[in-house]
Amino acid sequence: MIHRRHFLAGAAAAALAPALPALARSPQTSAQVAGIYRRKVGDVEITAILDGYIPFDTKVFSGSDPAAIRQTLANAGQSESLPTAVNTFVVNTRDRTYLLDTGAGGWAVMGNTMGRAEANLRAAGIAPEQIDAVILTHAHPDHHEGLLTAEKTARFPNAELIINDAEHAFWHDDGILGQAPAEVKPFFASARGALAPYAGRTRRVRPGEVAPGLSLEHFPGHTPGHSILRVSSGAEQVLLVGDCIHNVVIQTAQPEVAFVFDADGRQAAASRRRLLDMAAADGLLFSGAHMPFPGFGKVLKDGNAFRFVPAEWRYAL
């Protein structure tokens, strides 16, 4: 019970007390931290660099009952809105610095939510001039348009360009271009334009080792020469899987689900299952161009499907 005299005494003491300072408040900011994440693989340092995201939804996926796709997402607590990361990766072997894919650069066909790779690269302490070689998983705009500056010159002036031979040949084949649907022709123009400044320093390769510890492996379907990069150092390996996976929730639960920009959806699905089988059997860590940033994790077999297990964030390399 509160007595009147106690209340009055307390009020008088409060009136005589010095005024308390206002609470210190940190102002809100709409700015995000730089999209950078580093991870060691043996003696190799991999830096994931975020270029931005593409605002996709479930309509970009096919090859399964749409209701089943929605249910798969609901089981993971996700909606039909699928903002999809665009990731690039710096691979530093101590001897050389490689960049796997380059982001969308100034390509704004899908909006202004991409094109941040160079800023994040610089925030990571890496200048474009320090890149010794750019390796492309394939030649789609969100992977190669970052090769160019706003003036359409080479963004990476000292870099060799490494690309699967079949991939390069496909985008430079006039016969294929002539037969391509009208809506696909701009992709040919984009690929040719982005690769042109590097024509004198392009190395077209077959599947296999492209540098010590780095192997470009052919996983076709998304494009004819689509490839993944295997990074090996000592007893450790990481797979950087390009566009084998566009949504890790949907396409691990249903590997047969195709993506709207797959050149051959069935072949892409077969490549994806081969990748997931291999990663699960060998317990391999992997990430990819469209995994939720930074994307590293492993997969476990789950019946005839798979389950993705994200890797824990590492604070120390």
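A charge is said to sit over an aromatic ring if the CZ atom of an arginine, or the NZ atom of a lysine, is within 6 Å of the ring centre and within 35 degrees of the ring normal. In this predicted model, Arg39 meets that description, for it lies over the face of Phe296 at 5.9 Å from the ring centre. A second example is provided by Arg274, whose charged end sits over the ring of Phe219, 3.8 Å from the centre of that ring.

Rings may also pair with one another. A pair of aromatic rings is described by two quantities, the distance of the centres and the angle of the planes. The structure holds 11 aromatic pairs. One of them is formed by Phe187 and Phe261: the ring centres are 5.8 Å apart and the planes stand at 50°, so the pair is classed as tilted. Phe187 belongs to helix H7 (residues 185-195), whereas Phe261 lies in the loop between strand S13 (258-259) and helix H9 (265-282); the pair therefore ties together parts that are 74 residues apart in sequence. As for their surroundings, Phe187 has a relative accessible area of 18% and is buried, while Phe261, at 31% relative accessibility, is partly exposed. Both of these residues belong to a cluster in which ring pairs link Phe56, Phe61, Phe187, Phe259 and Phe261.

The strands may be considered next. An open sheet is built from 7 strands in the order S1-S2-S4-S5-S6-S7-S8, and its pairing is mixed. Strand S1 (36-41) and strand S8 (202-205) stand at the edges with a single partner strand each, so one side of each has no neighbour in the sheet. From one strand to the next, the twist averages 25°. Within this order, strand S6 (residues 133-135) and strand S7 (residues 160-164) run parallel and are joined by 3 bridges. Val134 has Leu161 in S7 as its bridge partner. In a regular strand, the side chains alternate between the two faces of the sheet.

Antiparallel pairing appears around strand S10. Strand S9 (residues 208-211) pairs with S10 in the antiparallel sense over 3 bridges, and Glu209 stands opposite Ser215 in S10. The hairpin of S9 and S10 has 2 residues between the strands, and Gly213 takes a positive phi near 85° there. S10 also pairs with strand S11 (residues 227-233), again in the antiparallel sense, over 5 bridges. Here the bridge partner of Glu217 is Ile228 in S11. Strand S10 (residues 214-218) is mostly covered, for 4 of its 5 residues are buried.

The loop between S10 and S11 contains His226. With a relative accessible area of 0%, His226 is buried, since the limit for that class is under 20%. A polar atom of the His226 side chain lies 2.9 Å from the backbone nitrogen of Asp243. Apart from residues up to four places away in sequence, His226 touches several others, including Thr137, His138, Glu167, Glu217 and Cys244. Phe219, whose ring lies beneath the charged end of Arg274, is also among the residues that His226 touches.

Another buried residue is Thr72, which has a relative accessibility of 14% and lies in helix H2 (residues 66-75). Its side chain forms a polar contact of 2.9 Å with the side chain of Gln254. Beyond residues up to four places away in sequence, Thr72 touches Val249, Ile250, Ala253 and Gln254.

Exposed positions offer a contrast. Thr29 is found in the loop between helix H1 (4-16) and S1. Its relative accessible area is 62%, and Thr29 is therefore exposed, the limit being over 50%. The side chain of Thr29 reaches the backbone nitrogen of Ala31 at 3.1 Å. Thr29 and Gly303 are 274 residues apart along the chain, and their C-alpha atoms are separated by 45 Å.

Glu312 is likewise exposed, with a relative accessible area of 69%, and is placed in the segment after strand S16 (305-310). From C-alpha to C-alpha, Glu312 and Leu177 are 44 Å apart in space, and they are 135 residues apart in sequence. When residues up to four places away in sequence are set aside, Glu312 touches Tyr37 and Arg39. This returns the reader to the opening example, since Arg39 is the residue that lies over the face of Phe296.

How values were computed
Residues are numbered from 1 along each chain as its sequence is written. This is a predicted model: local features need pLDDT of at least 70, side-chain atom pairs count only at pLDDT 80 or more; totals for chains, interfaces and linings use all residues. Side-chain values use heavy atoms; hydrogens and water are left out. Buried means under 20% relative accessible area, exposed over 50%, partly exposed in between (1.4 Å probe, protein chains only). A polar contact is a pair of N or O atoms within 3.5 Å; within protein, one must be able to donate a hydrogen and the other to accept it, and residues adjacent in sequence count only if both atoms are side-chain atoms. Contact means heavy atoms within 4.5 Å. Rings of Phe, Tyr and Trp (its six-membered ring) pair if their centres lie within 6.5 Å; planes under 30 degrees apart count as stacked, over 60 as edge-to-face and the rest as tilted. Two strands pair if DSSP finds at least two bridges between them. Axes are lines fitted to C-alpha atoms, for helices over the stretch in contact, and angles run from 0 to 180 degrees between N-to-C directions.
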